[in-house]
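Please open the structure in the viewer and display it as a cartoon. The tour below proceeds from the overall fold to individual helices and residues.

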Amino acid sequence: MNTNVTQDLSLFYLVGSASLPVQLVMLLLLIASLVSWWFIFRKMFAIRLAIKQSDEFENTFWRGVDLNALYHRAAGARDMAGSMERIFEAGFREFTKHQAGMDIGAIMDSTRGAMRAAYQREMDRLESHLSFLATVGSVSPYVGLFGTVWGIMNSFRELSNLTQATIAHVAPGIAEALIATAMGLFAAIPAVIAYNRYASDTSQLATRYESFMEELSNVLQRRAVKL
């Protein structure tokens, strides 16, 4: 007898016997969880690669490599270049468009503008899909709660048709309803953790890029003075 009760209250049985709205809520949460995990792993590899590429480029840049050679290398491998390298390429390309004798302030303003535009493009790319993780993390518990409330309402409506209600009648309906809440938390918790971690990582990368732009501006300004 205990075996039958355990079988009747198994996870698959409860999901299969849930009402259609609750099943739709569970399906929605499952899809949201799978998509968020896909973005979590993609973003993890993307940020790790961005950090690695930034470290390598900064080491190369501060070793005193000729800027023209560094620019041609970055321009020749643009698809494989990292974010910091693209920022450097955009700034140096704009800097080389100007000729000797031009106003240094105008040269540096246009150079900084080109670097800022490249910086914004790179940050948009790094921060892509983070809003989805934030949405899943904030909305999923409420979606799961909706499924739970709906399931419990159905359970009580069914109990109203019985002359004598026992825990055996109530337990399956409440159990299947609570699965929706559990699935909401299962979708939300990893998304929230990943969002907080990746938001912090992208913020640190943004600080590195901004510092590099300031340092590159100083290097190029000294070079412009010598022209």
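In what order do the elements of the protein run from the N terminus on? The order is α-α-α-α-α-α-α-α. The model on the screen is a predicted one. With the whole protein selected, eight helices and zero strands are present. Of the 227 residues in the protein, 38% are buried.

**First stop: the surface of α3**

Select residues 20-61, which make up helix α3. Then highlight Leu-20, Leu-24, Leu-27, Leu-30, Ile-31 and Leu-34, and show their side chains. On the surface, these residues form a nonpolar patch whose accessible area is about 580 Å² together. Ile-31, one of the members of this patch, is placed in α3. Is Ile-31 exposed, partly exposed or buried? Its relative accessible area is 45%, so Ile-31 counts as partly exposed, given that this class lies between 20% and 50%.

**Second stop: α3 against α7**

Keep α3 in view and add residues 130-159, helix α7. The two helices pack with their axes 10 Å apart, at an angle of about 160 degrees. Because angles over 145 degrees count as roughly antiparallel, α3 is roughly antiparallel to α7. The crossing of these two helices, α3 and α7, is left-handed.

**Third stop: the loop before α7**

Move next to His-129, in the loop between α6 (104-126) and α7. Which sign does phi of His-129 have? The value is positive, near 75 degrees, in a residue other than glycine. His-129 has a relative accessible area of 34% and is therefore partly exposed.

**Fourth stop: Ile-174 and Ile-152**

Select residues 167-226 to show helix α8, and within this helix pick out Ile-174. Its relative accessibility is 28%, so Ile-174 is classed as partly exposed. Now add Ile-152 to the selection. How far apart are Ile-174 and Ile-152 in space, C-alpha to C-alpha? The distance is 5.7 Å, while 22 residues separate Ile-174 and Ile-152 in sequence.

**Last stop: α4 and α5**

Finally, select residues 67-76 for helix α4 and residues 83-96 for helix α5. The axes of α4 and α5 come within 9 Å and cross at roughly 120 degrees. That angle makes α4 oblique to α5. In passing α5, α4 makes a left-handed crossing.

Technical notes
Residues numbered from 1 in each chain as written. Predicted model: local features only at pLDDT ≥ 70, side-chain atom pairs only at ≥ 80, totals over all residues. Heavy atoms only, no water. Patch = residues over 30% accessible without salt bridge, like charges linked within 9 Å, V, L, I, M, F, W, Y side chains within 5 Å. Areas by Shrake-Rupley, 256 points an atom, 1.4 Å probe, with all protein chains shown as cover. Salt bridge = Lys/Arg side-chain N within 4 Å of Asp/Glu carboxyl O. Helix = DSSP H or I, 4+ residues; strand = E, 2+ residues; numbered from the N terminus. Buried < 20%, exposed > 50% of the residue type's maximum accessible area, 1.4 Å probe, protein only. Axes fitted to C-alpha atoms, helices over the stretch in contact; angles between N-to-C directions. Parallel < 35°, antiparallel > 145°, perpendicular 65-115°, else oblique. Left-handed = near helix turned anticlockwise from the far one by under 90°.
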